[in-house]
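Student: Could you take me through the empty spaces in this model, one by one? I would like to know what lines them and which elements are involved.

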Amino acid sequence: MVSAILFTMVLVLLLLGVPVAVSLGLASVLVIAFFSTDSISSVALQLFTASQNYTLLAIPFFILAASFMSTGGVAKRIIRFAIASVGHFRGGLAMASVLACMMFAALSGSSPATVVAIGTIAIAGMMQVGYSKEFAAGIIANAGTLGILIPPSIVMVVYSAATQVSVGRMFLAGVLPGLLAGGMLMLAIYVVARIKKLPAEPWRGFGEILQGGKEAGWGLFLIVIIIGGIYGGVFTPTEAAAVAAVYAFLIAIFVYRDMGPLAGITWVPADAPIEARVGFSATVYALGVFFVWMALSYFVVGRDSEISLEARFWAGIALSVAVMIAYSMWRDPKTSIARVPMLIVRGLPIWGKNLVLVLTRFFPALVHNDTRRVMVEASRTTLMLMFIIVNALLFAHVLTSERIPQSITNVMLDAGFNWFTFLIAVNILLLIGGQFMEPSGLLLIVAPVVFPIAMELGVDPIHLGIIMVVNMEIGMITPPIGLNLFVTSGITGMSLIQVVKAAAPFVAVLLIFLVIVTYTPQLSTLLPYAMMGPEIITR
């Protein structure tokens with residue numbers, strides 16, 4: 001009886017146009033006040049507990065990191081690298097857009113951010129070489145959904161908070177499905193390109209791949225920091241999110257210099273002599289290799305390894321010196337090893353100028369208009385999302401206190417449901433719900449209900465989480481509430497109906513992918529089991 005009243009109230013409020021968060025919170029409060037034996041003081045307690053959730057603290061940091069990465073010119077560098085890698089295939093520019101979305105997804109954890117960052121550049125580029133606007137928009141709308149499947153993912157953090165499973169295992173579980181989804185989309189594009197004879201970009205050689213990778217490398221190294229730091233035992237997912245936010249700020253402001261007080265100021269002056277350029281670049285690569293080596297070696301060997309810090313330090317120095325010498329001799333074939341120190345000295349004035357700029361502009365960068373704008377945008381997104389999450393957790397508390405999941409479990413078991421038919425029911429429920437609700441809110445409503453049933457039927461909790469995330473992906477590109485559809489419509493100027501028609505053929509690819517993920521649990525569990533062991537759930 002109470003469950004029927006609760007769900008009816010939520011449905012009625014949603015149909016009346018009440019915001020999702022308010023509908024969940026208001027229905028929960030009214031049920032506790034008038035139909036439940038639970039104390040009304042539990043409302044305040046649950047709201048406070050939800051706001052103090054350590055796992056959810058990762059969300060605002062990931063949002064802030066994504067905001068700096070979206071604004072700081074990372075997207076255009078990633079797109080260049082993607083085009084250099086796969087652009088020479090027929091339909092290569094579209095395939096490169098998918099690859100760029102996959103890489104940016106690993107930085108942002110957000111589908112709308114991925115669509116905006118990549119779509120604003122890639123759609124215009126595809127139209128310039130002969131792709132139709134509809135085809136380009138459909139690709140970006142679908143590829144952008146990978147933002148919540150490829151780790152780090154905000155939706156995975158929400159699922160982990162709702163079900164108390166490991167965030168680290170969820171991140172690992174998303175790697176193989178994310179690569180498979182991106183590969184399926186690129187394969188579909190290639191088939192369409194062969195049929196429609198879409199253009200291919202000229203092959204620019206491995207030098208362009210290296211150049212593109214070099215430019216995008218500072219941004220892409222964030223993936224190594226997050227994933228390597230978590231699984232190397234350096235920090236928790238929440239701490240990784242905080243490190244990612246700080247790193248994204250430093251890269252956007254002081255390295256790429258696409259925003260902030262250093263915007264437009266290049267690292268190397270146009271009139272710098274060639275010896276100074278070579279010496280400066282050689283030391284940049286040497287320092288980059290050194291820090292990458294120190295980070296990766298620490299992530300791999302850990303703190304308890306017999307390999308000491310001193311040994312790793314000197315190995316890093318040797319590797320950096322080798323890179324410095326090799327680069328100097330490659331850029332200037334007339335240079336001998338004996339002349340390398342002279343080139344390094346010639347590059348020191350460039351270092352000095354840039355260090356002075358960074359030190360004198362550091363504090364102004366903290367309060368610059370560009371920084372404030374990014375912070376305000378990230379704060380708005382965080383407040384909106386956290387308001388939904390807190391009210392959804394209150395709703396989940398009512399479900400638990402009234403033992404509604406247990407009642408539904410008994411009904412389904414008595415009806416003869418097994419794991420196979422249960423997963424069909426879960427997919428149908430989430431596909432329908434995803435058309436009308438924001439992913440995090442829907443997940444927090446459904447997860448507390450289906451999770452106990454899944455555990456009773458022997459479904460792996462990590463596998464269930466990936467199934468739910470993939471359903472959330474599809475929900476973001478299905479009308480009437482699909483967020484990616486609205487974002488794509490906004491950046492292309494197309495009507496919502498046009499975007500829906502453009503995205504529909506590739507939605508079919510994701511539906512096939514959903515079936516594969518649902519009934520191939522090894523895709524989701526292989527990496528988490530191999531690196532962290534199975535998730536242990538105590539009932």
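Tutor: Happily; we will go through the pockets, then the cavity, and look at a few backbone details on the way. This is a predicted model, in which local features need pLDDT of at least 70 and side-chain atom pairs count only at pLDDT 80 or more, while totals for chains, interfaces and linings use all residues. Residues are numbered from 1 along each chain as its sequence is written, and side-chain values use heavy atoms, without hydrogens or water.

Let us start with the largest pocket (an open set of points on a 1 Å grid over the protein atoms alone, with protein on both sides within 12 Å along at least five of seven lines). Its space comes to about 1,900 Å³ (the volume filled by probe spheres set on the points, which are joined across faces, edges and corners). The lining of this largest pocket (residues with an atom within 4 Å of a point) holds 42 residues, and those nearest the centre are Lys214, Trp218, Val255, Val284 and Tyr285. Two or more lining residues come from each of α12 (206-231), α13 (237-255), α14 (274-301), α15 (309-331) and α16 (340-366) (helices are DSSP runs of H or I with at least four residues, numbered from the N terminus). Of these, α14 gives the largest share, twelve residues. By class, 26 residues of the lining are nonpolar, nine are polar and seven are charged (Ala, Val, Leu, Ile, Met, Phe, Trp, Tyr, Cys and Pro count as nonpolar, Asp, Glu, Lys and Arg as charged, and the others, Gly among them, as polar). While we are at α12, note the loop between α11 and α12, where Lys197 lies. Although Lys197 is not a glycine, its phi is positive, at about 55°.

Now for the second largest pocket, which contains about 870 Å³ of space. Here 37 residues form the lining, with Ser110, Pro112, Thr381, Met384 and Leu483 nearest the centre. The elements contributing two or more residues to this second lining are α2 (20-34), α4 (58-71), α7 (111-128), α9 (154-163), α17, α20 (439-457) and α22 (483-492). With eight residues, α17 has the largest share of the lining of the second largest pocket. The lining of the second largest pocket divides into 23 nonpolar, eleven polar and three charged residues.

Two of those elements deserve a second glance. Helix α17 (residues 369-401) has 33 residues and should span 48 Å at 1.5 Å a residue, and its end C-alpha atoms are 47 Å apart, which agrees (the expected span is 1.5 Å times one less than the number of residues). After α17 comes Arg403, with a positive phi near 55°. As for α9, the loop between α8 (133-143) and α9 contains Pro152, and the peptide bond from Pro151 to Pro152 is cis, with omega near 0°.

Last comes the enclosed space. Searching the whole structure turns up one cavity of 30 Å³ or more (a cavity is a set of points where a 1.4 Å probe fits but cannot get out). The largest cavity holds about 40 Å³. Around this largest cavity sit Ile83, Ala84, His88, Pro202, Trp203, Arg204, Gly205 and Glu208. That lining consists of four nonpolar, two polar and two charged residues.
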